[in-house]
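Hello,

Here is the structure I promised to hand over. Please load it before you read on.

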Amino acid sequence: MDLDRILVELRSERARMDHAISALEGLAVPFAPRRGRPPKSQTAPATRQRRRTMSPAARKRISAAMKQRWAKWKGKSAPKKTKARPAMSAAARKKLSALMKARWAARKKERA
């Protein structure tokens, strides 16, 4: 066995181990702060927080308040209703009907 050869191999092994250790230490403590979005495992909370629920009474109060707001808003922006046209008398309806029939007959005569 060559003692010098064994020492050289052990020293090279030690150099590789030192290199591996320094690389692992570099991963554990970065020199510069990491830029960008952090990894997903760090951003996710360990425990999920429960969502708060609303009591039925509070839900009714909010619903009533929203209905009141909508009624107020719609009341201001709703168009004003105009007075409806009075109903047509039977005589006026008959007169208009006769006029339209005469107009249609004249148009039909022109085309023929």
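Below is what I found, from the overall layout down to single side chains.

Overall picture

This is a predicted model. The average pLDDT of the protein is 83. A score of at least 70 is reached by 82% of the residues. Confidence varies by element. Helix 4 has the highest mean pLDDT, 95. Helix 2 has the lowest, 63. Where pLDDT is low, the predicted coordinates should not be read in detail.

The secondary structure consists of 4 helices and 0 strands. Read from the N terminus, the order is α-α-α-α. Burial is scarce: 1% of the 112 residues count as buried. The exposed area of the protein is about 12600 Å². Carbon and sulfur atoms account for 59% of that area.

Helix 4

Helix 4 covers residues 90-111. How far apart are its end C-alpha atoms? They are 32 Å apart. The 22 residues should span 32 Å at 1.5 Å a residue, so the two values agree. Helix 4 is also hardly covered, with 0 buried residues among its 22.

Salt bridges

How many salt bridges are there? The count is 2.

One links Arg5 and Glu9, with 3.6 Å between the closest N and O atoms. That falls within the 4 Å cut-off, so the pair counts. Both residues sit in helix 1, which runs over residues 3-28. Arg5 and Glu9 are 4 residues apart there, so about one helical turn separates them. Arg5 is exposed, at 55% relative accessibility. Glu9 is partly exposed, at 46%.

Glu13 and Arg16 form a salt bridge too, with an N to O distance of 2.2 Å. Glu13 and Arg16 are 3 residues apart in helix 1, so again about one helical turn lies between them. Is Arg16 buried or exposed? Arg16 is exposed, with a relative accessible area of 53%. Glu13 has 36% and is partly exposed.

Aromatic pair

The structure has 1 aromatic pair. Trp70 and Trp73 make it, in an edge-to-face arrangement. The centres are 5.3 Å apart and the planes meet at 90°. Edge-to-face requires over 60 degrees between the planes, so the label follows from that angle. What separates the two residues along the chain? Trp70 and Trp73 are 3 residues apart in helix 3, so they are separated by about one helical turn. Trp70 is partly exposed, at 46% relative accessibility. Trp73 is exposed, at 52%.

Nonpolar patch

Trp70 and Trp73 turn up again in a nonpolar surface patch. Which residues complete it? They are Met54, Ile62 and Met66. The patch has an area of about 540 Å². Met54 lies in the loop between helix 2 (40-43) and helix 3 (56-77). Met54 has 42% relative accessibility, so it counts as partly exposed. Patch members need over 30%, and Met54 passes that mark because its value is 42%.

Where to look

For the charged pairs, go to helix 1 and residues Arg5, Glu9, Glu13 and Arg16. For the ring pair, go to Trp70 and Trp73. For the patch, start at Met54. Please keep in mind the mean pLDDT of 63 for helix 2.

Best regards

How values were computed. Residues numbered from 1 in each chain as written. Predicted model: local features only at pLDDT ≥ 70, side-chain atom pairs only at ≥ 80, totals over all residues. Heavy atoms only, no water. Salt bridge = Lys/Arg side-chain N within 4 Å of Asp/Glu carboxyl O. Helix = DSSP H or I, 4+ residues; strand = E, 2+ residues; numbered from the N terminus. Buried < 20%, exposed > 50% of the residue type's maximum accessible area, 1.4 Å probe, protein only. Patch = residues over 30% accessible without salt bridge, like charges linked within 9 Å, V, L, I, M, F, W, Y side chains within 5 Å. Areas by Shrake-Rupley, 256 points an atom, 1.4 Å probe, with all protein chains shown as cover. Expected span 1.5 Å × (residues − 1). Phe/Tyr/Trp six-rings, centres within 6.5 Å; stacked < 30°, edge-to-face > 60°. pLDDT = per-residue confidence, 0-100.
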